[in-house]
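Here are a few short exercises to work through with the model open in your viewer. Try each task before you read its solution.

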Amino acid sequence: MALNVGKVTLLCGGVGGAKLAYGLAQIIPPADLSIIVNTGDDFWHYGLRICPDVDTVLYTLAGIVNPATGWGLRDESHHVMDALRSRFGVDPWFQLGDADLATHLFRTDQLQQGATLTELTRHQARSLAVRATVLPMCDEEMPTVLDCADEGLLDFQTYFVRLRQEPKIRWIRYSNAAKAKLSPAVAKAIAEADVILIAPSNPWLSIAPILHVPGIQEAIRSRNVPKVAVSPIVAGKAIKGPAAQIMQQLGIPARASSVARYYSQWIDGFVFDQQDRDERQTLSSQEIQRSTTMDTLMINSAAKIRLAEEILTWVARWN
Ligand code: FO1
């Protein structure tokens, strides 16, 4: 089903957000879809610039993502990581597949030649025949840093992958935000959107970094169009990853309504999962004007497309 709701701009993180991006890409013309992707997870590793969420979104839209993990490439080999381990005794705790390494080599080389992340991501998208506009949240490095109870300050991937999200988070820093700028491409995607969506990504690790790019909150608030977030919390648990555990550590009740309240200053609609009908009743229309329930679990391609359709059909009825 093709839906005519105009231009849609999605804010998203990696695996979970990419699923909704995929659903949207199947039902709206590519020229009408922009995806602003978190780059707070990005880091330098073996001298290479790695942008996990941007790559996850691109690989997902291109249909070449590893279905078992939701990140990396399908049918991937790992000769380089194996050689690092066997020849040099290095622990390849962050697994970079051989073909995926080509992405990081290309990106690093382009950055060193003076390309911006936005420009080279456009190049990457073109090479993968991805026609939707995929935008890094900004061109500057803005690493998310976790302040943890026992370990102190940890960079994102050390916390997330190396330490398996076990450290107890005390605080999250969206570092370098003061030096980041709203890129013209991100400003345009927000200014021209007829609908702004927030994917069911981790609010504190994936969406908050985007919202900390200077000027982006004002840009979103200034738009008088439907602005809708989809809950990443279902029945008190995160669909994927440590969102619920982080909420508890930060003293926030691990409930979908907490996420709705966190987003309430930017959005006017919230999608709860169908399992959270009771939870929805706890949210007043003063807090968020509109809310609804849907099956948000996106367990296969059909479910991703169905959720995208239901969200856009819902907002199309607002006027
Ligand atoms: N996640 C893991 O749990 N282990 C890995 O070794 C790993 C490698 C990796 C390589 C490239 C890439 O684009 C993503 C990768 N991820 C890996 C996923 C990534 O760490 C996280 O899922 C995101 O940063 C959170 O959105």
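**Exercise 1.** This is a predicted model. Work out how helix α8 and helix α11 are oriented to each other, and which residues meet.

*Solution.*
- Step 1: Take α8 as residues 203-211 and α11 as residues 256-263; they pack at an angle of about 10°, with their axes 13 Å apart.
- Step 2: Angles under 35 degrees count as roughly parallel, and α8 and α11 are therefore roughly parallel to each other.
- Step 3: On the α8 side, look for Pro203, Trp204, Ile207, Ala208 and Leu211; they meet Val259, Tyr262 and Tyr263 of α11.
- Step 4: Sort that contact by class and you get 8 nonpolar residues, with no polar and no charged ones.

**Exercise 2.** Describe the largest pocket: how much space lies in it, and what lines it?

*Solution.*
- Step 1: The space comes to about 870 Å³.
- Step 2: There are 47 lining residues, and Val15, Asp53, Trp71, Phe160 and Lys240 are the closest to the centre.
- Step 3: Now go by helix: α1, α2, α4, α6 and α8 each supply at least two lining residues, and α2 gives the most, with 5.
- Step 4: The class split of this lining is 21 nonpolar, 19 polar and 7 charged.

**Exercise 3.** Do likewise for the second largest pocket: which element has the largest share of its lining?

*Solution.*
- Step 1: About 350 Å³ of space lies here.
- Step 2: Its lining has 21 residues, with Ser34, Thr133, Leu135, Ala185 and Lys188 nearest the centre.
- Step 3: β2, α5, β5 and α7 each supply at least two of them; the largest share, 5 residues, is from α5.
- Step 4: By class, count 10 nonpolar, 5 polar and 6 charged residues in this lining.

Methods:
Residues numbered from 1 in each chain as written. Predicted model: local features only at pLDDT ≥ 70, side-chain atom pairs only at ≥ 80, totals over all residues. Heavy atoms only, no water. Axes fitted to C-alpha atoms, helices over the stretch in contact; angles between N-to-C directions. Helix = DSSP H or I, 4+ residues; strand = E, 2+ residues; numbered from the N terminus. Parallel < 35°, antiparallel > 145°, perpendicular 65-115°, else oblique. Contact = heavy atoms within 4.5 Å. Nonpolar A, V, L, I, M, F, W, Y, C, P; charged D, E, K, R; others polar. 1 Å grid on protein atoms, 1.4 Å probe; cavity = no way out; pocket = protein on both sides within 12 Å on 5 of 7 lines; lining within 4 Å. Points joined across faces, edges and corners; volume = space filled by probe spheres on them.
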